[in-house]
Amino acid sequence: MVLIYLLMGFLFESFILPLSIILTIPLSLVGVYWTHFLFGFDLDFLGVVAIVLLVGVVVNNGIVLVDYINRQRLRGMARDEAVASATHRRFRPIMMTR
């Protein structure tokens, strides 16, 4: 995870933006454990593989969202407006990947 963080830091030319992406990983893991608990599933090998895949999807979606926010900021949008615009425009594509 440290290597992924450093790679994203070099790509975004900031070490704060990748932190917002990395912090979504524990949130997705909380959702996985609650879902397993609610449905009564045991965490077996396929469950662990699904968790690894979920982490990849969550990180990818975070990168797409942060990149879109950065592009909106470069066009001259204010930060709050860029975040609101990016979440509005990218919500459906992100939800379709799940």
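These legends go with several views of one predicted model.

**View 1. The whole chain is built from helices, with zero strands.**
Five helices make up the list of elements. Read from the N terminus, their order is α-α-α-α-α. The C-alpha atoms fill a box of roughly 50 × 30 × 15 Å along the principal axes.

**View 2. Contacts link distant parts of the sequence.**
Take the contacts in the chain with a separation of 6 or more. Of these, 43% join residues 24 or more positions apart.

**View 3. Buried residues and the accessible surface.**
The chain has 98 residues, and 26% of them are buried. Its accessible surface comes to about 7400 Å². Carbon and sulfur atoms account for 71% of that surface.

**View 4. Charges of both signs in the chain.**
There are 8 positive and 6 negative charges. Each set has a mean position, and these two positions lie 11 Å apart.

**View 5. Thr87 sits in helix H5.**
Helix H5 covers residues 79-96, and Thr87 is one of them. Is Thr87 buried, partly exposed or exposed? Its relative accessible area is 38%. Buried would need a value under 20%, and exposed a value over 50%. Thr87 is therefore partly exposed.

**View 6. Thr87 and Ile69, in sequence and in space.**
How far apart are Thr87 and Ile69? Along the sequence, 18 residues separate Thr87 from Ile69. In space, the distance between their C-alpha atoms is 8.7 Å.

How values were computed:
Residues numbered from 1 in each chain as written. Predicted model: local features only at pLDDT ≥ 70, side-chain atom pairs only at ≥ 80, totals over all residues. Heavy atoms only, no water. Helix = DSSP H or I, 4+ residues; strand = E, 2+ residues; numbered from the N terminus. Buried < 20%, exposed > 50% of the residue type's maximum accessible area, 1.4 Å probe, protein only. Contact = heavy atoms within 4.5 Å. Areas by Shrake-Rupley, 256 points an atom, 1.4 Å probe, with all protein chains shown as cover. Lys, Arg positive; Asp, Glu negative; His and termini not counted. Charge placed at Lys NZ, Arg CZ, Asp CG, Glu CD.
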